[in-house]
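Colleague: I'm new to this one, and I'd like to know the reasons behind the labels people use for it. Could you pull it up and take me through them?

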Amino acid sequence: MEIFVKLLIGFAIFFTGVILNVSIMRKTEGKAKGFKPALSFIVICAGLVVLVWVASSIKIAL
């Protein structure tokens with residue numbers, strides 16, 4: 001159950017960054033400049049880092 005919660009948190013962070021990026025691009029008609037696109041990129045990367053970290057900690061017993 002602990003792994004499921006960690007994966008859920010990672011996906012939540014990742015998709016928050018994606019939604020933030022889409023909303024920024026809609027407001028600026030696809031030509032966003034400055035700090036806002038970098039912020040959404042950082043959030044997306046943080047979500048991916050959490051997902052990789054959790055995936056690497058999964059122990060598979062056969």
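Modeller: Let's begin with Thr16, which sits in helix 1. Keep in mind that this is a predicted model.

Colleague: Why is Thr16 called partly exposed?

Modeller: Its relative accessibility is 48%. Buried would need a value under 20%, and exposed one over 50%, so Thr16 falls in between and counts as partly exposed. As for its place in space, Thr16 and Lys31 are 15 residues apart in sequence, with 20 Å from C-alpha to C-alpha.

Colleague: And Ala32, is that buried or exposed, and how do you know?

Modeller: Ala32 belongs to the loop between helix 1 and helix 2. The cut-off for buried is under 20%, and Ala32 has 18% relative accessibility, so it counts as buried. Its C-alpha is 9.6 Å from that of Asn21, eleven residues away in sequence.

Colleague: Okay, back to helix 1. What makes helix 1 roughly antiparallel to helix 2?

Modeller: In general, a pair of packed helices is described by the angle between the axes and the distance between them. Here the axes of helix 1 and helix 2 cross at roughly 160° and come within 8 Å. Angles over 145 degrees count as roughly antiparallel, so that is the label for helix 1 against helix 2. The crossing is left-handed, too.

Colleague: Where do the two helices span, in residue numbers?

Modeller: Helix 1 covers residues 2-27, while helix 2 covers residues 35-56.

Colleague: Which C-alpha separations can you give me for Ala12 and Val5?

Modeller: Ala12 and Gly47 are 35 residues apart along the chain, and their C-alpha atoms are separated by 7.5 Å. For Val5 and Val54, 49 residues apart in sequence, the C-alpha separation is 9.9 Å. Both Ala12 and Val5 are in helix 1.

Colleague: Why do Ala12 and Val5 get the label they have for exposure?

Modeller: Partly exposed is the range between the 20% and 50% cut-offs. Ala12 has a relative accessible area of 41%, so it is partly exposed. Val5, at 40%, is therefore partly exposed as well.

Colleague: How about Phe4, why is that one called exposed?

Modeller: Phe4, also part of helix 1, has a relative accessible area of 52%. Exposed means over 50%, so Phe4 makes the cut.

Colleague: What makes the nonpolar surface patch there?

Modeller: Met1, Phe4, Val5, Leu8 and Ile9 make it, and it comes to about 560 Å². Patch members need over 30% relative accessible area, and Phe4 has 52%.

Notes:
Residues are numbered from 1 along each chain as its sequence is written. This is a predicted model: local features need pLDDT of at least 70, side-chain atom pairs count only at pLDDT 80 or more; totals for chains, interfaces and linings use all residues. Side-chain values use heavy atoms; hydrogens and water are left out. Patches are made of residues with over 30% relative accessible area and no salt bridge: like charges are joined within 9 Å, nonpolar side chains (Val, Leu, Ile, Met, Phe, Trp, Tyr) within 5 Å. Accessible areas come from the Shrake-Rupley method with a 1.4 Å probe; for residues, only the protein chains shown count as cover. A salt bridge is a side-chain nitrogen of Lys or Arg within 4 Å of a carboxyl oxygen of Asp or Glu. Helices (H or I, at least four residues) and strands (E, at least two) are DSSP runs, numbered from the N terminus. Buried means under 20% relative accessible area, exposed over 50%, partly exposed in between (1.4 Å probe, protein chains only). Axes are lines fitted to C-alpha atoms, for helices over the stretch in contact, and angles run from 0 to 180 degrees between N-to-C directions. Angles under 35 degrees count as roughly parallel, over 145 as roughly antiparallel, 65 to 115 as roughly perpendicular and the rest as oblique. A crossing is left-handed if the near helix is turned anticlockwise from the far one by less than a right angle, and right-handed if clockwise.
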